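Hi,

Here is the structure I promised to pass on to you. Have a look at it first, and my notes on what turned up follow below.

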Amino acid sequence: MTIRIAPSILAADFAALGDAVAAAERGGADLIHVDVMDGHFVPNLSVGPPVVRSLRRVVHVPLDVHLMIEDPDRYIPAFVEAGASMVSVHVEALAHLDRTIGFIKSLGARAGVAINPATPVASLEEIAPDLDFVLVMSVNPGFGGQAFLPRSASKVRAVRALLDRAGSPAPIEIDGGIDLETVVRVVRAGAEILVAGSSIFHAPDAAEATRALKAAAEQAARGASASRA
Ligand code: DX5
Ligand code: ZN
């Protein structure tokens, strides 16, 4: 397992975004997670391509853009052009998911599919071999700071099994309510990319919080591989 920590800027102070991401990077952030919301697919608004473009200039790690929007195909080129290395789209928003995944890849980005808490794992069955990663939502998308939904750990296990059956090494990303306690459960279940907003940017020291989350996740991963061996 390769653990990657993806601090979500949604919980950062937008007036000091550069300082926030620099602190996360000092703490060992492997990605920076950008939550894009349109007020339609989710009941909230956030940021667009200009913020990705500004971050690209100052961030050294890849930008992971999570599109919680209707009609993502319309905006994907702008986000990739602005500097997104990873783009995830919601299965619930797309009638032609296969086309969209191909489109993201054709633009040179890594393509992921996100699934909401009530969306069955089986919705990934046909697309699994084509995915670069899967994003399992462990809260209902739209807001930071929500409580982790406990069933998400078994869902991660089921997604890992589905990907393994498809012969796919694609990592599972988990998003929502991840902190020092929940991270252990999801990593043991097979999650490798850990998104965290509040537990990093609402902490007194974002660098230290990133470091602590990564250490907890890596320790859980060592335990997980030992129990599989
Ligand atoms: C929720 C977003 C998350 C959110 C996570 O819609 O996709 O990325 O920022 O925030 P926390 O870690 O505070 O639950
Ligand atoms: Zn997100």
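Let's start with L194. Setting aside residues within four places of it in sequence, L194 touches I3, R4, I5, A6, I174, I178, V183, V186, V187 and A217. Please keep in mind throughout that this is a predicted model.

L194 is also among the residues with the most contacts inside the largest nonpolar core, together with I32, L67, L124, V159 and I174. That core has 73 residues, and helix α8 (residues 206-228) supplies the largest share of them, eight residues. There is a second, separate core as well, made of six residues, including L31, M86, F133 and I193. As general background, nonpolar side chains in soluble globular proteins tend to be buried together.

Next, the metal site. Which residues hold the zinc ion (ligand 2)? H33 coordinates through NE2, H66 through ND1, and D35 and D175 through OD, at 2.0 to 2.3 Å. Along the sequence these donor residues follow the spacing H-x1-D-x30-H-x108-D. H66 sits in strand β3 (residues 63-68) and D175 in strand β7 (residues 172-175), so this pair ties together parts that lie 109 residues apart in sequence. Both H66 and D175 are buried. Why is the arrangement around the zinc ion (ligand 2) called octahedral? The six donor atoms subtend angles of 68 to 167 degrees, and that makes it octahedral.

Two of those zinc donors, H33 and D35, bring us to strand β2, as they are on one of its sides with M37. I32, V34 and V36 are on the other side, and the residues of both faces are all buried. Because six of the six residues of β2 (residues 32-37) are buried, the strand is largely enclosed by the rest of the structure. In a regular strand, side chains alternate between the two faces of the sheet. β2 runs parallel to β3, and six bridges join them; V34, for example, stands opposite V65 in β3. Between these strands the chain passes through helix α2 (residues 49-58), giving a right-handed β-α-β crossover.

Strand β7 has another residue to look at, E173. Is E173 buried or exposed? Its relative accessibility is 0%, so E173 counts as buried. Leaving out neighbours within four places in sequence, its contacts are A6, H33, D64, F133, V134, L135, V136, I193 and V195. H33 in that list is one of the zinc-coordinating residues, and F133 and I193 belong to the second core. The C-alpha atoms of E173 and V187 are 9.9 Å apart, with their positions 14 residues apart along the chain.

A charged-looking name also turns up in helix α8: K214. With 17% relative accessibility, K214 counts as buried. Beyond its neighbours within four places in sequence, K214 is in contact with I5, G28 and D30. G28 comes just after helix α1 and takes a positive phi of about 100 degrees. In α1 itself (residues 17-26), the buried residues are L17, A20, V21, A23, A24 and E25.

Last, a backbone detail. Most residues other than glycine have a negative phi. D71, in the loop between β3 and α3 (76-82), has a positive phi near 50 degrees. At 40% relative accessibility, D71 counts as partly exposed.

Enjoy exploring it!

Best wishes

Conventions: Residues numbered from 1 in each chain as written. Chains lettered and ligands numbered in written order. Predicted model: local features only at pLDDT ≥ 70, side-chain atom pairs only at ≥ 80, totals over all residues. Heavy atoms only, no water. Core = buried A, V, L, I, M, F, W, Y, C linked by side-chain atoms within 4.5 Å. Buried < 20%, exposed > 50% of the residue type's maximum accessible area, 1.4 Å probe, protein only. Helix = DSSP H or I, 4+ residues; strand = E, 2+ residues; numbered from the N terminus. Contact = heavy atoms within 4.5 Å. Donors = N, O, S within 2.8 Å, 3.2 Å for Na, K, Ca; no water. Tetrahedral: all angles 85-135°; square planar, octahedral: opposite > 155°, others 65-115°. Pairing = 2+ DSSP bridges. Right-handed = clockwise from strand over helix to strand, strands pointing away.
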